[in-house]
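Reader: I should like a close look at the cysteines of this protein and at whether they are joined or free. Please set them in the context of the whole chain before turning to them.

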Amino acid sequence: MRGEGARPSTVAIAYNYRLGRVAGFAGFAEVAIDESMIKFKGRNSSKQYMPKKPIKRGYKVWALSDKHGYLWNFDVYTGKSGDTTEKNLGARMVKNLSAPLQNKNYFLYFDNYFTSYPLITYLKLNGIYACGTVNMTRKHLPKFKDDKLFKQGDYDWRIDQFSTSIIKWKDKRMVSLLSNFHDPRDTENVQRRAKDGTVSTIPCPKVLKDYNQNMNCVDKLDQNKKSCQIDRKSHKWWHRIFFHFLDIAVVNSHIVYTQATGNKMTMKNFRREISGQLLNTTIINKRKLKNTTKSPTEIKQLKPSVPDYIRLEKSAHQPKLSTRRRCARCSTKQKEVRTEWTCSICNIPLCITKSRNCFSDHHNV
C-alpha cells in the first residue's frame with residue numbers, strides 16, 4: 001500500500017455509487033452481513049453463548065440482508081467440525097453468502113469480525129464492492145503512526161494497486177475501515193460537542209458515513225421480526241428454528257407486499273390477513289350461528305367492517321330482515337340512517353331503498 005499520491009481509480013466507482021443512490025438505479029443495492037441469534041435455552045450441541053449480544057443463548061445465524069430488512073441468504077452455525085478450529089470462518093461465510101451477488105454491482109458491508117485485506121481484495125476481483133471496519137492487528141495491513149499522535153478529526157490513509165484503501169480516523173476513539181470502492185480523500189464535516197458545551201466542526205471520511213447508514217440491515221431484519229413474532233416455548237430444539245424461519249418468511253412477504261403495492265400495512269394486520277385467507281371460509285360461515293362466536297364485524301371497534309376476502313363473495317351474501325340498526329356504510333354522526341336489512345354473511349346492517357343501495361355497493365370492489 002502507498003500513501004498520498006495520485007488520485008485513486010476509486011473516484012469513478014464512488015461517483016457511480018453516489019449517483020446510483022440518488023437516482024435509485026436498479027443496478028445498485030446496499031446489503032450487509034451480520035450475526036443474528038435465535039433464542040433457545042435448552043440443551044443442544046449447536047447452542048452458542050454470546051454474552052455481549054442482547055440474546056445471549058441460542059442458535060447463531062449468519063444473515064445477508066438488505067436495507068429494508070429482507071433476508072437474502074443465511075447459514076445456521078452448528079459449531080466447529082471435529083477438534084480443529086477454523087481460522088478464516090468469517091471470510092468463508094462472507095464468500096458463501098455473497099456468491100450470488102458477484103458481478104452485479106452490489107455494495108456489501110460487514111463489521112470487523114469478517115473484515116480482512118485478502119477478503120476485500122477477493123470481493124473486488126469478483127465484482128462486489130465491499131466495506132467494513134477492521135482490527136488493525138490483522139495481517140497484511142500497513143503501519144500508521146501511534147494512536148496518541150492523532151487529534152480529534154485527524155485521519156490517515158493508504159491505498160494499493162487494486163484500489164483497496166484503509167482509512168484510520170480519530171473521533172473520541174480510533175476508527176479503522178477497509179474499502180475497495182471509496183475514495184479516501186472524500187470527507188464530510190460533522191459536529192462534536194465538548195464537555196464545556198462548545199460545538200466544533202471536524203472532517204469525517206465519507207466511507208464511515210456510508211458504513212453507518214448501511215450496516216444496520218440485519219438489525220432491521222431482527223426489528224421487523226420481533227415486532228410480531230411467534231414466541232411459543234418448546235423443549236424441542238428444532239421448534240425454535242422452525243418458528244424463526246416461519247417469522248422470516250412472513251417478514252419477507254410483508255416487505256415484498258409493501259414495496260409492490262405501496263400499501264403501508266402494519267405487520268400485525270398483515271399477519272391477520274394471511275391467517276384469515278388461509279382459513280377455510282366455509283368453516284367461518286358455519287361458526288357464525290353461535291352467539292358466543294365473534295363475527296368478522298368485531299375486528300374494528302368504531303364501525304363494523306368485514307375483511308375483503310369475505311366481503312367480495314357475492315353469491316353467498318343475501319339480505320335478511322333484522323332489528324333496525326345504523327347503516328354501516330352511509331350512516332354518520334351528522335346524519336343518522338337506520339335500516340332493518342342485514343347481510344346474512346357479513347352480519348352488518350346495510351340500506352336497501354329506492355334512492356340508494358348500500359348492500360350492493362358494499363359487496364362491489
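Author: In this predicted model, the protein chain comprises 10 helices and 13 strands. Of its 365 residues, 42% count as buried. Among the contacts with a separation of 6 or more, 53% are between residues 24 or more positions apart. The chain exposes about 22200 Å², and carbon and sulfur atoms supply 50% of that area.

Part of the strand arrangement centres on β9, residues 174–179. Strand β8, residues 165–170, pairs with β9 in the antiparallel sense over 6 bridges, and the two form a hairpin with 3 residues between them. Strand β6, residues 128–133, also runs antiparallel to β9, to which 3 bridges join it. L177 of β9 takes part in both pairings: I167 stands opposite L177, and L177 is likewise the bridge partner of T133.

As to the cysteines, a disulfide is a covalent bond between the sulfur atoms of two cysteines. The structure holds 0 disulfides. For C327, the closest cysteine sulfur is that of C351, at 3.5 Å, and the two are not bonded because this is too far for a bond; the cut-off for a disulfide is 2.5 Å. C343 is in no disulfide either, and the nearest cysteine sulfur, that of C346, is 3.8 Å away. Both of these unbonded residues can also be described by their accessibility. C327 is buried, with a relative accessible area of 2%, and C343 is buried as well, with a value of 0%.

Definitions and conventions: Residues numbered from 1 in each chain as written. Predicted model: local features only at pLDDT ≥ 70, side-chain atom pairs only at ≥ 80, totals over all residues. Heavy atoms only, no water. Helix = DSSP H or I, 4+ residues; strand = E, 2+ residues; numbered from the N terminus. Buried < 20%, exposed > 50% of the residue type's maximum accessible area, 1.4 Å probe, protein only. Contact = heavy atoms within 4.5 Å. Areas by Shrake-Rupley, 256 points an atom, 1.4 Å probe, with all protein chains shown as cover. Pairing = 2+ DSSP bridges.
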